[in-house]
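Grab a coffee and work through these short exercises with the model open beside you. Try each task before reading its solution.

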Amino acid sequence: MSSNQEIHFDKILGQYRSDPYNYVDMHSVHTGTVRFLVEEGAEVEGASGEWMHKRGTRLYEINRERNAKIITSKTNGTISSVRSELDGQFVEAGEKLLTIRHPLKKKEIIEGILQEVLFLFEAPERARYYFSLDIQSRIDQKGARSVFIQPGDEIITMSLMKRDTPVYYTGEPGIIHSVYFTPGDSIDQGQPLIGVCAEDKLPVVQKVITRVKAEWE
């Protein structure tokens with residue numbers, strides 16, 4: 001364990017302590033005329049219920065060719081900014097409309113730190129993903145964190161357009177520390193599939209997780 005790693009983690013922890021929020025930008029889902037349904041400072045809730053069937057707070061309405069669509073919040077928090085100058089205006093798809101300040105929970109802070117220090121192996125295409133038979137068998141027997149992988153290993157199968165393609169690992173050698181997908185789910189291109197931790201970093205990562213769990217309210 002090097003002192004540089006300690007300093008690096010202290011810096012990351014300090015950043016979360018000074019600003020323990022995630023800022024979620026909401027963009028227009030398509031072209032149309034926007035009408036805001038919330039104001040700056042409003043508290044909002046995400047979807048809830050056992051099946052997430054209760055929709056979140058209504059954020060804005062967008063109307064295209066007389067088809068109005070209500071967009072709701074996916075997370076809880078406070079509206080930190082609204083581009084009120086766009087209210088009643090036509091916007092292009094992807095225009096930033098408002099920002100939600102989401103207070104991070106302990107679990108989310110740990111996950112955020114992990115995503116900064118682990119090697120994230122990302123989905124090469126929007127597709128469905130499964131672990132290779134060998135990797136899945138090893139995970140079933142001893143858990144993901146006992147599985148060591150290295151560049152060139154066939155770790156995942158990508159299923160796209162009814163065609164299965166093996167995906168070979170290209171990152172640093174290490175153990176599969178975090179899994180970010182459920183086998184069979186559709187994952188967007190660029191989203192992380194797994195987080196890999198080099199064996200020499202593992203004690204430091206575990207120390208940080210323990211520290212956050214103990215110190216964070």
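**Exercise 1. Which order do the strands take in the open sheet of 4 strands that includes β8, and is the pairing parallel or antiparallel?**

Keep in mind that you're looking at a predicted model.

- Step 1: Read across the sheet, and you get β1-β8-β6-β3, with antiparallel pairing.
- Step 2: Look for the edges. These are β1 (21–27) and β3 (43–44), each of which pairs on one side only.
- Step 3: Zoom in on β1 and its partner. Strand β8 (residues 96–103) pairs with β1 over 7 bridges, in the antiparallel sense.
- Step 4: Pick one facing pair to get your bearings: Asn 22 stands opposite His 102 in β8.

**Exercise 2. Find Thr 78 and work out which residues it is in contact with, leaving aside neighbours within four places in sequence.**

- Step 1: Place the residue. Thr 78 sits in strand β6, which covers residues 77–82.
- Step 2: Recall where β6 goes in the sheet order: between β8 and β3.
- Step 3: List the contacts. They are Gly 41, Ala 42 and Glu 43, plus Thr 99, Ile 100 and Arg 101.
- Step 4: Match these to strands. Residues 96–103 make up β8, while β3 is 43–44.
- Step 5: Check the side chain. Thr 78 makes a polar contact with the side chain of Glu 43, at 3.2 Å.

**Exercise 3. Trace the open sheet that contains β4, and say which strands lie at its edges.**

- Step 1: Write down the order, β5-β4-β2-β7; here, too, the pairing is antiparallel.
- Step 2: Name the edge strands. β5 (67–72) and β7 (90–91) each pair on one side only.
- Step 3: Count the links at one end. Strand β4 (residues 58–64) and β5 are joined by 6 bridges and run antiparallel.
- Step 4: Find a facing pair: Ile 62 is opposite Lys 69 in β5.

As a reminder, strands of a sheet pair through backbone hydrogen bonds.

**Exercise 4. Now zoom out: how many helices and strands does the protein chain have, and what percentage of its residues count as buried?**

- Step 1: Tally the elements, and you find 4 helices and 16 strands.
- Step 2: Turn to burial. Of the 217 residues, 38% count as buried.
- Step 3: Check how far apart contacting residues are in sequence. Taking contacts between residues at least 6 apart, 71% join residues at least 24 apart.
- Step 4: Add the charges. There are 27 positive and 32 negative side chains, and the centres of the two sets lie 4 Å apart.

Technical notes. Residues numbered from 1 in each chain as written. Predicted model: local features only at pLDDT ≥ 70, side-chain atom pairs only at ≥ 80, totals over all residues. Heavy atoms only, no water. Helix = DSSP H or I, 4+ residues; strand = E, 2+ residues; numbered from the N terminus. Buried < 20%, exposed > 50% of the residue type's maximum accessible area, 1.4 Å probe, protein only. Contact = heavy atoms within 4.5 Å. Lys, Arg positive; Asp, Glu negative; His and termini not counted. Charge placed at Lys NZ, Arg CZ, Asp CG, Glu CD. Polar contact = N/O pair within 3.5 Å; in protein donor to acceptor, adjacent residues only side chain to side chain. Pairing = 2+ DSSP bridges.
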